[in-house]
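Dear colleague,

I am passing on the structure below, together with some notes on what was found in it. Please keep it open beside this message while you read.

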Amino acid sequence: MSSFDFDYALGLAPILLKYLDVTLWMASSSLIIALTIAVVLALVLTFRPKGLTALSELFISFFRGTPLLVQLFLLYYGLPQLFPALKSMTAFQAAVIGLSLHFSAYMAETIRAAILSVDKSQLEAALSTGMTPLQGMRRIVLPQAARIAIPGLMNSFIDLLKSTSLAFTLGVAEIMAKAQMEAASSFRFFESYLVLALVYWLLVLLFTALQKMAEQRMNEAY
C-alpha cells in the first residue's frame with residue numbers, strides 16, 4: 001500500500017477531468033464579474049468622486065485584508081442568518097460571488113496602477129477633441145492600460161483559478177472535492193492529490209500561454 005500506484009493515478013485523471021467544467025465555469029464566471037467590479041472601482045479611485053471614494057477604499061481594504069475562506073463562510077453560512085432570503089443561495093453561487101468580490105479588490109489596484117501609468121497628456125488630448133472624461137478613458141486610456149495590466153490581471157486570474165479549490169468547503173462538487181472523495185475512499189492520498197496538482201499545473205500552463213499570445217497581439221497593435 002505504501003508504493004506509488006501508477007495505474008490508479010492514471011485511472012483517476014479522467015475521473016477528475018469530468019469535474020473540470022465546474023471549476024472552469026466557476027473561474028470564468030468569477031473573472032467576468034470581478035473584472036466588471038474592478039474597472040468600476042479603479043475608475044472611482046482615479047476620478048475620486050465624493051462619497052464613492054471612501055466606500056471603494058473600504059471595500060478594497062476589507063476584501064484584501066481578510067482571508068478568502070472566511071469571506072466564503074461569512075457569505076454562505078453567516079449572511080443567511082441576518083437575511084433569510086439568502087438561504088436560497090446555492091453553494092456554487094456563493095462561491096462565485098465570494099471569489100468575484102475577493103479578487104475584484106486585487107484587480108482594481110492592478111487596473112488603477114495601469115491607468116495611472118498612461119501619460120496624462122493622452123487623456124488631455126482626448127478632452128481637447130471634445131470627448132468627455134469617461135469617453136476619453138474608454139476610448140484612449142483604458143485600451144493602453146489594458147496592455148499594461150494583462151500580466152497582473154493574469155496573475156490574479158491564476159490565483160482565482162486555484163482558489164476555486166476552496167469551494168469544496170461549501171459543498172461544491174468540483175475537482176478538489178472529487179479528488180478528496182477518491183482519496184478518502186481508496187486511501188491513495190498521494191496519488192489523488194498529485195494528479196489534482198498536475199491538473200491545476202497544466203491549466204496554469206495553458207492560461208500562461210494564452211497570456212503571452214494576448215500580450216504579443218496587443219504589443220503589435222500599439
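In this predicted model, helix H6, which covers residues 120-128, and helix H7, which covers residues 133-163, have axes that come within 9 Å and cross at roughly 140 degrees. That angle makes H6 oblique to H7, since only angles over 145 degrees would count as roughly antiparallel. The crossing of these two helices is right-handed.

Which residues bring H6 and H7 together? On the side of H6 they are Gln 122, Leu 123, Ala 126 and Leu 127, and in H7 they meet Pro 133, Gly 136, Met 137, Ile 140, Val 141 and Gln 144. When the residues of this contact are sorted by character, 7 are nonpolar, 3 are polar and none is charged.

Two single residues are also worth following in the viewer.

The first to look up is Leu 41, which lies in helix H2, the stretch of residues 20-47. Is Leu 41 buried or exposed? Its relative accessibility is 8%, and because buried means under 20%, Leu 41 counts as buried. Leaving aside residues up to four places away in sequence, Leu 41 touches Ser 56, Phe 59, Ile 60, Ser 104 and Ala 108. For one of these partners, Ile 60, the position is 19 residues apart from Leu 41 along the chain, and the C-alpha atoms of the two are separated by 8.6 Å.

The other residue is Thr 164, which sits in the loop between H7 and helix H8, the latter covering 175-186. With a relative accessibility of 0%, Thr 164 counts as buried, although its place is in a loop. The side chain of Thr 164 reaches the backbone oxygen of Leu 161 at 2.5 Å. If residues up to four places away in sequence are again not counted, Thr 164 touches Thr 23, Met 26, Ala 27, Leu 99, Glu 174 and Tyr 200.

Finally, here is the chain as a whole. The protein chain has 9 helices and 0 strands, so that, read from the N terminus on, its elements run α-α-α-α-α-α-α-α-α. Along its principal axes, the C-alpha trace spans about 75 × 50 × 25 Å. Of the 222 residues in the chain, 39% count as buried, and Leu 41 and Thr 164 are among the buried ones. Among contacts with a separation of 6 or more, 76% come from residues 24 or more positions apart.

With best wishes

How values were computed
Residues are numbered from 1 along each chain as its sequence is written. This is a predicted model: local features need pLDDT of at least 70, side-chain atom pairs count only at pLDDT 80 or more; totals for chains, interfaces and linings use all residues. Side-chain values use heavy atoms; hydrogens and water are left out. Axes are lines fitted to C-alpha atoms, for helices over the stretch in contact, and angles run from 0 to 180 degrees between N-to-C directions. Helices (H or I, at least four residues) and strands (E, at least two) are DSSP runs, numbered from the N terminus. Angles under 35 degrees count as roughly parallel, over 145 as roughly antiparallel, 65 to 115 as roughly perpendicular and the rest as oblique. A crossing is left-handed if the near helix is turned anticlockwise from the far one by less than a right angle, and right-handed if clockwise. Contact means heavy atoms within 4.5 Å. Ala, Val, Leu, Ile, Met, Phe, Trp, Tyr, Cys and Pro count as nonpolar, Asp, Glu, Lys and Arg as charged, and the others, Gly among them, as polar. Buried means under 20% relative accessible area, exposed over 50%, partly exposed in between (1.4 Å probe, protein chains only). A polar contact is a pair of N or O atoms within 3.5 Å; within protein, one must be able to donate a hydrogen and the other to accept it, and residues adjacent in sequence count only if both atoms are side-chain atoms.
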